[in-house]
Amino acid sequence: MADRSRIVISDEEIALQDDYARRVLEIQDSRMGHTRTYFIRTYGCQMNEHDSEQLAGYLVDMGYSATDDISKADLIVFNTCCVRDGAEQKVYGHLGVLKRYMAQNPNLIICVCGCMMQQEEAAKTVRARYPHVRVIFGTHNLYKFPQLVYESITGNRRIFELEDNPEGHIAKSPPVVRESGIVAYTTIMYGCNNFCSYCIVPYVRGRERSRDIEDIMRELYSLKESGAKEVMLLGQNVNSYGKDIQGASFADLIKKVDEVGIDRVRFMTSHPKDLSDEVLDVMAGSKHIAHHLHLPVQSGSNRVLEAMNRHYTVDKYLGIIERAKKLMPDIGITTDIIVGFPGETEKEYEETLDLIRTVGYDSAFTFKYSPRKGTPAASMPDQISEEEKTRRITKLIKVQDEITFRIHESLVGTTQKVLTLGKSKHDEGALSGKLERGITINFDGSDALIGEFADVKITKAKHNTLYGAVIDN
C-alpha cells in the first residue's frame, strides 16, 4: 500500500480550481477592459523555478499575460526561498520597493509564496510589515492559487493561506508556462525525509511524496511531442523516488524515461546515501540519460558529515564516484559544499579541500554555512565567525577554479555534442550551449542552430566556459 503521505489532489479539487480560473478570466473580460499582466520573481532552486512555471500556467488560464517590466504588472508574485538568510533579506528589501507600485496602481495584486512563507515567523513579518502584500501562501497551497486570486479580487481583502501540512499535496498535471521550449523541468517528487541538521527544507516542503509514474510519463511524452530537447527531473532527493509507491524505484523510473526518447535527460538533486548501483548502471547503459552527476558532498570530514546528519562517510562517497567514473569515463561530476559548519576545525576544512582535489569536480556550488532557525545546527556550539567563513570559502573557490580550468583544458581538441540554447550573453554574435556533462560553451554559428544539437570542436578553454567551432557533417 502507498504511504499516507502521498496526498494526491482530487479530480474535484482540480475542477474547482479550474472553475476559479474561469471566474477570474470572466472578471478580466467584463471589468478590466484590457489584458492584465503578471510578473514573477523566483528565488532559490530549480524546484522553485518549476513552481513558478506552474504559477505562470495558472495565471495564463486566468487571462493574464507575462511582462518583463515589474513596474507595469497588474499582478506580482515573489516565489521565495529560505535555504539561506541572504535570500530572505533580499525578499524583504524587494518587497519594500513594491509599495510605490501599489501607489501607482491601486488594483495591483502582490503575492508572496514559497518556502519562506512556510516559516511562521517570516510569514508574520511579511503580514505585519508589508500591508501592500495582498496574498500570502505556502508551498503546500500552490494548487489553490486561482482560488486565492479570485478571493482577493472579489473580496477586496488580504488573503492568507498558510496550511501547516507536513504531508503536502501532489498536483496531477498542473498547467505550466515553461521558460524555455528547449529545456524543461519535470518534478518527480516533493519534500524530503533526510533532516540534515543545517537544512530547513523538510520543515517547509514536507515529507517525501512521489508522483505517480503514469503522470510523469504523460508529461514527458507531451514534452517530447512539443519539441523539448532536454529535461531535468527534479526532487529534493530524486534517489528516494518510489519509496512510498509499491514496486517503484528511481532506477525503474529513469529506465522508462530513457525509453521516451527525449534527447537528453538530467536529474537533481541526488543524495549519496540513497544513490544505488542500479541507478549508475542504468545511466551507463542508457541512450538519453546524460553522463552528468550532481552529487552534493557538503564536507570532506567524517565528523562534520555525522554532525550534519548526512548518513554516509567520505569513503562511501568516494566509492560512488569511483564506480561512476569506471562505468562512464566521460562523466561530469558536480557538487554542493558548505564551509564553516559549526565546530568545523581547520583540519576538517582542509579535509574538504583534499576531497575536492581527489574527486576533480567540473564545478561546485559553494556556500558559507547560514544558520536557519528551527534546525539543530542553529543551536550548536562553536559557531564559526563570518570572517572565518569568508576566508575559507574564498580559498575553496580558488582551489575549485583551478580544477575546473584543468578539466576545461583537457577538453580542448575534442569534439562534443552540444545543445544550442541561444545567443551568448557575454560574447556578442556567438551562440551558447551545453555539453552533455553540463559545461557551457560559446561558439560561432547560425541562429538556425538554436534548439538543435551541434558537433562542436573545442578550441579554447577559460575558467568559466569553453569556446569552439561547429563541425560541418
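Which residue in β2 does Thr37 stand opposite? Thr37 stands opposite Ser65 in β2.

This is a predicted model, in which local features need pLDDT of at least 70 and side-chain atom pairs count only at pLDDT 80 or more, while totals for chains, interfaces and linings use all residues. Residues are numbered from 1 along each chain as its sequence is written, and side-chain values use heavy atoms, with hydrogens and water left out.

**Around β1**

Helices (H or I, at least four residues) and strands (E, at least two) are DSSP runs, numbered from the N terminus. Strand β1 covers residues 36-42, and 5 of its 7 residues are buried, meaning under 20% relative accessible area with a 1.4 Å probe, protein chains only. Strands count as paired if DSSP finds at least two bridges between them. The table lists parallel pairings.

| Strands | Bridges | Residues opposite |
|---|---|---|
| β1 and β2 (residues 64-66) | 3 bridges | Thr37 and Ser65 |
| β1 and β3 (residues 75-80) | 5 bridges | Tyr38 and Leu75 |
| β17 (residues 440-444) and β19 (residues 466-470) | 4 bridges | Ile441 and Leu466 |

Together, β1, helix α2 (residues 46-61) and β2 form a right-handed β-α-β unit: with the strands pointing away from the viewer, the path from the first strand over the helix to the second runs clockwise.

**The barrel**

Five strands close a barrel in the order β15-β16-β17-β19-β18, with mixed pairing. From one strand to the next, the twist averages 50 degrees. Axes are lines fitted to C-alpha atoms, for helices over the stretch in contact (heavy atoms within 4.5 Å), and angles run from 0 to 180 degrees between N-to-C directions. Helix α14 (residues 386-411) lies across β15 (415-423), β18 (453-461) and β19, and runs at about 115 degrees to β18.

Notes
Buried < 20%, exposed > 50% of the residue type's maximum accessible area, 1.4 Å probe, protein only.
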